[in-house]
Amino acid sequence: MDHKTVEKLEGKIEDAIAQVIASMGLKRLPLLPARHTMHLMAKAAVTVYEAAVDNQMDKDES
């Protein structure tokens, strides 16, 4: 995937993570993660997605 698409996807996932965490709050979560932690969570999610895309492309080629 191209870098611009990856960055856009990371940003949208990070926003979604922040919304979910904010809506759950400390009533349900033992700790509210820092923004940097949510950013790393989004990067991890995109990395997993990229791996799935690569695996699918490898299957399609064989």
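**Two helices packed against each other**

Within helix α2, the buried residues are M38, A42 and V46. The cover over these buried positions includes α1. This pairing is a handy place to begin reading the structure, which is a predicted model.

Taken as a whole, the protein chain contains 2 helices and 0 strands. Its C-alpha trace extends over about 50 × 20 × 15 Å along the principal axes. The radius of gyration is 15 Å, whereas a compact globule of 62 residues would be expected near 11 Å. Of the 62 residues in the chain, 16% are buried.

The first element to consider is helix α1, which runs over residues 3-28 and holds 26 residues. From first C-alpha to last, α1 reaches 35 Å, close to the 38 Å expected at 1.5 Å a residue. The helix does not run straight throughout: at A22, α1 bends by about 40°. At the N-terminal end, α1 is capped by D2, which places a side-chain oxygen 3.2 Å from the backbone nitrogen of K4. Helix α2, covering residues 35-61, has 27 residues and a reach of 39 Å between its first and last C-alpha atoms, close to the expected 39 Å.

The buried residues of α1 are V6, E10, E14, I17, A18, I21 and G25, and these pack against α2. Many readers will recognise the helical spacing behind such a list. An α-helix has 3.6 residues a turn, so residues three or four places apart point the same way.

Where the nonpolar side chains come together, the largest nonpolar core comprises 5 residues, namely I17, A18, I21, M38 and A42. Two or more residues of this core come from each of α1 and α2, and α1 gives the most, with 3 residues. A42, a core member, is in contact with E10, I13, E14 and I17 once neighbours within four places in sequence are set aside.

Two glutamates deserve a closer look. E10 lies in helix α1 and counts as buried because its relative accessible area is 10%, below the 20% cut-off. Beyond its neighbours within four places in sequence, E10 is in contact with A42, K43 and V46; of the residues in that list, A42 and V46 also appear among the buried residues of α2.

E14 is found in α1 as well. With a relative accessible area of 11%, E14 is under the 20% limit and is therefore classed as buried. Its side chain is joined to that of R35 by a polar contact of 3.2 Å. Not counting residues up to four places away in sequence, E14 touches R35, M38, H39 and A42. M38 and A42 belong to the nonpolar core described above.

T47 offers a contrast on the α2 side, being found in that helix but partly exposed. The assignment follows because its relative accessible area of 48% falls between the 20% and 50% limits. The C-alpha atoms of T47 and L31 are separated by 24 Å, with these positions 16 residues apart along the chain counted as their distance apart.

In short, the picture is of two helices in which the buried residues of α1 pack against α2, with a nonpolar core to which both helices contribute and with E10 and E14 among the buried residues of α1.

Methods:
Residues are numbered from 1 along each chain as its sequence is written. This is a predicted model: local features need pLDDT of at least 70, side-chain atom pairs count only at pLDDT 80 or more; totals for chains, interfaces and linings use all residues. Side-chain values use heavy atoms; hydrogens and water are left out. Helices (H or I, at least four residues) and strands (E, at least two) are DSSP runs, numbered from the N terminus. The expected span of a helix is 1.5 Å times one less than its number of residues. The bend at a residue is the angle between axes fitted to the seven residues ending there and the seven starting there. Buried means under 20% relative accessible area, exposed over 50%, partly exposed in between (1.4 Å probe, protein chains only). Contact means heavy atoms within 4.5 Å. A polar contact is a pair of N or O atoms within 3.5 Å; within protein, one must be able to donate a hydrogen and the other to accept it, and residues adjacent in sequence count only if both atoms are side-chain atoms. A nonpolar core is a set of buried Ala, Val, Leu, Ile, Met, Phe, Trp, Tyr and Cys residues joined through side-chain atoms within 4.5 Å. The radius of gyration is taken over C-alpha atoms; the globule rule is 2.2 Å times the number of residues to the power 0.38.
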